[in-house]
Amino acid sequence: MSSFHTSSLFNVKDKVVLVTGGSRGIGLMIAHGFIVNGAKVYISSRSASVCDKVAEELTKLGPGKCISLPADLQSLEEVHRLVAELTKRESKVHVLVNNAGATWGAPLESYPDSAFEKVMNLNLKRVFSLTQAMLPLLDAAATEKAPASIINIGSVDGIHIPALETYAYSASKAALHQMTRVLAGHLGHRYITCNAIAPGPFESKMMAQTLKDFGEMIVGNIPLGRIGQPEDIAATCIYLASRAGAYTTGTVIPLDGGSLVKAKA
């Protein structure tokens, strides 16, 4: 057995990473984690000014670097433009983090068709579109010993039944988990791993109101007694993107402090 050190097992220094929805919330937590560990991270979000500002701030932290590539991923044309811009700058990408997403809550009787369409499109269809368009860059980075890595950000709401009426969101995340497994099965022979992380509650714009209204109840249902911290999601992504996770593919990792396994009274 060869000797190993944890420092080399979890090394992501100089890896090229794309994080969608990387200017805030969970995406920002992930981008920050890669950058402080020496990776070169491209972040994408709809607002160019916000994306540019965040990239500048993250680069100052170092030792890695952050580059802003704004795009509205609801649009297929924008997906292809983003990949074209990235291809001008990089010949290969080691890690794709599909994090950009939307949610919508409304009563069953009045749930709008347009909202269902928007959520399913961004959370599921465009993840597929971007992954498809990124394959040449991922293929160029992939080797048997160091696979390229696709990390899809799902949700515990795609596993359990959410208390809130977020029909499209929970359906899109459940579908994303299954698509992750299907992609993993087809990409393994190309030395590309594909995994999903299913976060529970983290402090983000999407979760802000829910945490404000139901924070105490939410924490009460988490065996570890707290919501997720930035290090929790960043470290899980670094595991999947490094040598440590090179034999892990087709998994959905709940990152929820045990909420899914809490015994019901």
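**Strand E6 and an aromatic cluster**

Strand E6 and strand E7 (residues 252-255) run parallel and are joined by four bridges; strands count as paired here when DSSP finds at least two bridges between them. This is a predicted model, so to speak for local features pLDDT has to be at least 70, side-chain atom pairs count only at pLDDT 80 or more, and totals for chains, interfaces and linings use all residues. Numbering starts from 1 along each chain as its sequence is written, and side-chain values use heavy atoms, with hydrogens and water left out.

**E6 and its neighbours**
- Helices (H or I, at least four residues) and strands (E, at least two) are DSSP runs, numbered from the N terminus.
- Across from Val 252 in E7 you'll find Ala 196.
- E6 also pairs with strand E5 (residues 148-153): the two run parallel, with six bridges between them.
- To get from E5 to E6, the chain goes through helix H6 (residues 167-187), making a right-handed β-α-β crossover (with the strands pointing away from the viewer, the path from the first strand over the helix to the second runs clockwise).
- Ile 153 sits opposite Ile 197 in E6.

**How buried is E6?**
- Eight of the eight residues of E6 (residues 192-199) are buried, so the strand is largely enclosed by the rest of the structure.
- Buried means under 20% relative accessible area, exposed means over 50%, and partly exposed is in between (1.4 Å probe, protein chains only).
- In a regular strand, side chains alternate between the two faces of the sheet.
- Both faces of E6 are covered, with Ile 192, Cys 194, Ala 196 and Ala 198 buried on one side, and Thr 193, Asn 195, Ile 197 and Pro 199 buried on the other.

**The aromatic cluster**
- There are two aromatic pairs in the structure; rings of Phe, Tyr and Trp (its six-membered ring) pair if their centres lie within 6.5 Å, and planes under 30 degrees apart count as stacked, over 60 as edge-to-face and the rest as tilted.
- Tyr 111 meets Phe 116 edge-to-face, at 5.9 Å centre to centre and 75° between the planes.
- Tyr 111 also meets Tyr 167 edge-to-face, at 5.5 Å and 85°.
- That second pair links distant parts of the chain, 56 residues apart: Tyr 111 is in the loop between strand E4 (95-98) and helix H5 (113-141), while Tyr 167 is in helix H6.
- Tyr 111 counts as buried at 13% relative accessibility, whereas Phe 116 is partly exposed at 32% and Tyr 167 is partly exposed at 30%.
- Ring pairs tie Tyr 111, Phe 116 and Tyr 167 into a cluster.
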